[in-house]
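Let's walk through a structure together, one question at a time. Have a look at it first, and then we can talk about its domains and its inner spaces.

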Amino acid sequence: MVDLGSNSVRLVVFEGSGRNPLAIFNEKAVLGLGRGLQNTGKLNEQAVPQALTVLERYAAVARGMGVAPLEVLATAAVRDAENGPAFAAAIAERMPGVPIRILKGEEEASLSADGVLLGFPEADGILGDLGGGSLEVVELTQGRPGATASLSLGAIRLADKAAGDVGRARGIAEAEMAKQPWLAHGKDRDLYLVGGAWRAIAKIHIAQTAYPLSIVHHYVMPREEVRDLCGVLTAATRRTLERLPGAPSKRLQDLPFAAVALRRLLRATGARRVVFSANGLREGWYARHLDAAVRAEDPLLAAGREMALRFARDPAMPAVLAAWTAPIFAGETQASAALRHAACWLSDIGSHDHPDYRAEQSFLRVLRQPGIGLDHHERAFLALAVALRYEPELDAAWLGTARALLDSGSQRRAEMLGAALRLAYTLSGGTPTLLRDTELQLGADRLTLRLVEGGGLFAGDSVQRRVEALAAVLGLAATVEVAPEAAR
């Protein structure tokens, strides 16, 4: 699909129709179509021919890739400009046969909400999607959209309205948001942020704090830290902004006004923290093309399954692993159980890698995967558990990212799960039929591995060593027993 915005034009091509959108082509041109619209009522005359050239290229790329369906979604600049219809007609000539939708503000907000909910199914709070021409806001209550509004407070339009004066922009933004009293329903809830200018603020904070994971999606900032950083950005000179670590050069002009809009939205909502989302309108468009059953899947488990189907050996193994590891995690919460099941799906994704790099490759693959439903804690936990399944050096520097994101209890749980997975694969060679002939039993002071007599498995040195390693993590003694087949 093509996202034709007030500031940028982007072609995104998604592969397949899985629960987690996988963009295999993503190209953006920052043209500023909406710059000056507030004063002239028309699209930026210099940007129009550039946009048509870019769109013609996108049409050729999409044809070459066999993209279907393909659609152009035009947002605030095109819908508000006097020459918007003429521009849409010119696009139709350059992209024959491609549907062009000029979205109303409420439609844009609804698509953004669908995109956010694809990655945050239980989102609860206020969504804000900041573009160049408008700010879409939606109330989300435990995953269900409610009140919606489209405000003319995009970063470009706000700057034009205020004639480049940050002080005036504050008053304009505050007055616009005051017309939506329901925004106050966000008090002490989350504020979900979408849009490139706001993601730029997250990147600056990540760089400033030396945060160990450079992924904006699911990045969280407390209310006061957001206020402080926005205060710095609104007061900064262009030269100061250029020197900020992580500040994208193409966003510098808009950053102070994006910060004004964010600080005023934070005040209007009373949100306790900000959660950044890389998902928005484009992912919402993708979501509406999914089967209802696929869309309803748990994104965490779907991400694990999708990666396993690409990289692992036997899709029957994860379910057997989940049942086999359950005895050592008695009393786990529903969320912890879901993480364990996801780790079982991911446990064999290094099977085709070089043996010397399986642990590290699997770790990085999990930590940086495109799964949109994973927060940073979940990424770190799964990456650590899967890496430990391959028995790396425990002081390997690359494991530091996960350890920095996890508390001691989560690290220990990942170590337990990694040791259990390592034992399971040592026993069975990754064969579910063989693993079913074994069982873990947890006693008050002892871990027992039971093997079925005549099942073809025996407790050789490698198995005994890994049983003892798992028992040590659990703080127990280790025993291996061979049971008659009838006892199973």
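**Domains and cavities**

In this predicted model, 11 residues of domain 2 are in contact with 12 residues of domain 3.

Q: How much area do domain 2 and domain 3 bury between them?
A: Let's start with the bounds: the domain assignment places domain 2 at 106-283 and domain 3 at 298-483. Their centres, taken over C-alpha atoms, are separated by 39 Å. Carbon and sulfur atoms carry 69% of the area the two domains bury between them, which is about 960 Å² in total.

Q: Which three residues supply the most of the area that domain 2 buries against domain 3?
A: Here we look at the domain 2 side of the interface, where 11 residues are in contact with domain 3. Three of the residues supply 48% of the area that domain 2 buries there, more than any other three: Pro212, Leu213 and His218.

Q: What is the volume of the largest cavity?
A: Searching the whole structure for cavities of 30 Å³ or more turns up two. The second largest has a volume of about 40 Å³. For the largest cavity, the volume is about 430 Å³.

Q: Which residues of the lining are the closest to the centre of the largest cavity?
A: Strand S2 (8-14), strand S6 (125-130), helix H8 (196-209) and helix H12 (281-287) each give the lining at least two residues. Domain 1 (2-103) and domain 2 (106-283) each contribute at least three. By class, the lining holds seven nonpolar, 13 polar and 10 charged residues. Out of the 30 lining residues, the closest to the centre are Asp3, Leu130, Gly131, Gly196 and Arg282.

Q: Which helix gives the most to the lining of the second largest cavity?
A: The residues around this cavity are Arg170, Thr234, Val260, Arg263 and Arg264. Their classes come to one nonpolar, one polar and three charged. Three residues of the lining come from one helix, spanning residues 255-269, and that top contributor is helix H11.

Q: Is Asn7 buried or exposed?
A: Asn7 sits in the loop between strand S1 (2-4) and S2. Leaving aside residues up to four places away in sequence, Asn7 touches several others, including Ala29, Arg35, Ile156 and Asp254. Its relative accessible area is 7%, and the cut-off for the buried class is under 20%, so Asn7 is buried.

Definitions and conventions: Residues are numbered from 1 along each chain as its sequence is written. This is a predicted model: local features need pLDDT of at least 70, side-chain atom pairs count only at pLDDT 80 or more; totals for chains, interfaces and linings use all residues. Side-chain values use heavy atoms; hydrogens and water are left out. On a 1 Å grid over the protein atoms alone, a cavity is a set of points where a 1.4 Å probe fits but cannot get out, and a pocket is an open set with protein on both sides within 12 Å along at least five of seven lines; lining residues have an atom within 4 Å of a point. Grid points are joined across faces, edges and corners, and a volume is the space filled by probe spheres set on the points. Helices (H or I, at least four residues) and strands (E, at least two) are DSSP runs, numbered from the N terminus. Ala, Val, Leu, Ile, Met, Phe, Trp, Tyr, Cys and Pro count as nonpolar, Asp, Glu, Lys and Arg as charged, and the others, Gly among them, as polar. Domain bounds come from an automatic or database domain assignment. Buried means under 20% relative accessible area, exposed over 50%, partly exposed in between (1.4 Å probe, protein chains only). Contact means heavy atoms within 4.5 Å. Buried area is the accessible area (1.4 Å probe) that two parts lose on being put together, summed over both.
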